[in-house]
Amino acid sequence: MKLHEYQAKEVLASYGIPVPEGRVAHFPYDAWMVSMELGLPVVIKAQVLTGGRGKAGGVKLAKTSDEARDIAQELFGKKLVTKQTGPQGVKVRKVLVEKVADIDRELYFSIVIDRTTSRPTVIASKRGGMSIEEVAEQYPEDIIKIPIDPAVGFLPYQIRRLKYDLDLVEQGKEAQKIFSALYKAFMDKDCSLLELNPLVVVKNGHLIALDAKMTIDDNALYRKKEISKMRDLTESNPDELEARFAGLNFIKLEGNIGCMVNGAGLAMTTMDVIKLAGGEPANFLDVGGEATPDTISKGFEIITRDPKVKAIFINIFGGIVRCDKVANGIIQALKTVKVKIPVVIRLTGMNKEEGMEILKKAPMKFYIAEDLREAAKMVSELSKKQAATTTKKAEEKTEEKKEK
Ligand code: GDP
Ligand code: MN
């Protein structure tokens, strides 16, 4: 789960890490008020869960309160398109109004989990403000990497080294305290990423976290109630949200074959096999260990809502749940949700034979496959055929219109 900048800064401040004075505004007039309260000039920053806002016009300076209001007004209607968002961009719903920092130097500091060493790793550089990927490409020698053994923590000698490498001798104990607090916050909050880009030295010599990104490990949220409460659902895909509330694990993809599978491992495999067969999955959907009529219906509902979907592949393994029960569930679901595109079903596992019998006797039409590869091939071909028919139908319709 990603936190907004203002939320990450609240967390950091609670660890004694200096952040700029500021407040969130939800309306242009809020921004006007906050700027009055803080004193001018202020910087107005779009709060969206993505990086690269500055370059996309999401970070602006205001010299007067009226200007702060106007900038906020402009940002609120805007869809911010950054390197990370894709062409559709994200809508700005809140802005952070902060007192402007008088920057002397911009540094880069982050802690990530390095998967190859399985350790939290500090990455830092004197070249802050630009993306770390660019620094890595252009000035690889300027990147400092410090692996940390979580059993002993971020050790004083490592912290001192970092202080020298970033030219923070003058900041002395202040720098050490901040680095140590950053590591503590990272560990305490079960972060997978904590990034300050930039961490700045201001003209009077002090350090300030000018920007902050924090990502919390989703698997730790159950024990981080205070963090879970910060979740901003407004930027999530509505279908993904609906699925989550129904207990399904759904992720939207770009293809045209809807997938309904039980178990995350099988769902991944299913997508691979579809790709190998020349098809394109439209989603990842794990209906969970128990595929009940309710979860299956919900799955159909969400999958068929996407007009791009031209065929559906149901791939269920009867482990916890028996195939006959699943077969009945599918039939019941197909009675409530009208599915107008081809459906391919493959069942295997416990009570497979009984399940197949039930499917064969079903009153509605669908395709039954025995083997996974065969099933994937079948659904890929059906999706292409269906796509061709819909294009043809659409063409005929436009022809008709023209004739009229
Ligand atoms: P990002 O583009 O999403 O990473 O947003 P940042 O918060 O990092 O802001 C981008 C850039 O705007 C920073 O690298 C700074 O150069 C500049 N900036 C942001 N806040 C201030 C500020 O208070 N004072 C000054 N002088 N520059 C700022
Ligand atoms: Mn930044």
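This report covers a manganese site, two cis peptide bonds, two positive phi values and one helix in a predicted model.

## Manganese site

The manganese ion (ligand 2) has two protein donors, Asn-197 through O and Asp-211 through OD, and they lie 2.1 Å from the ion. Asn-197 belongs to strand E11 (residues 191–202), while Asp-211 sits in the loop between strand E12 (207–209) and strand E13 (213–216), so the two donors tie together parts that are 14 residues apart in sequence.

Both donor residues fall under the 20% cut-off for burial. Asn-197 is buried because its relative accessible area is 14%. Asp-211 is also buried, with a relative accessible area of 10%.

## Cis peptide bonds

Most peptide bonds are trans. A cis bond joins Leu-40 and Pro-41, with omega at about -5°. Pro-41 is located in the loop between helix H2 (28–38) and strand E3 (42–46).

Another cis bond runs from Asn-197 to Pro-198, where omega is near 10°. Pro-198 has its place in strand E11. Asn-197 of this peptide bond is also a donor of the manganese ion through its O atom, and Asn-197 lies in strand E11 as well.

## Positive phi values

Most residues other than glycine have a negative phi. Asp-167 is not a glycine, yet its phi is positive, near 60°. Asp-167 occurs in the loop between helix H5 (156–165) and helix H6 (172–188). Its relative accessibility of 42% lies between the limits of 20% and 50%, so Asp-167 counts as partly exposed.

Asp-190, likewise not a glycine, has a positive phi of about 55°. Asp-190 is placed in the loop between H6 and E11. Asp-190 counts as buried because its relative accessibility is 15%, whereas Asp-167 is partly exposed. Strand E11, on one side of the loop that holds Asp-190, is the strand that contains the donor Asn-197.

## Helix H1

Helix H1 spans residues 5–13, and seven of its nine residues are buried, so the helix is largely enclosed by the rest of the structure. The buried positions are Glu-5, Tyr-6, Gln-7, Ala-8 and Lys-9, together with Val-11 and Leu-12.

Definitions and conventions:
Residues numbered from 1 in each chain as written. Chains lettered and ligands numbered in written order. Predicted model: local features only at pLDDT ≥ 70, side-chain atom pairs only at ≥ 80, totals over all residues. Heavy atoms only, no water. Donors = N, O, S within 2.8 Å, 3.2 Å for Na, K, Ca; no water. Helix = DSSP H or I, 4+ residues; strand = E, 2+ residues; numbered from the N terminus. Buried < 20%, exposed > 50% of the residue type's maximum accessible area, 1.4 Å probe, protein only.
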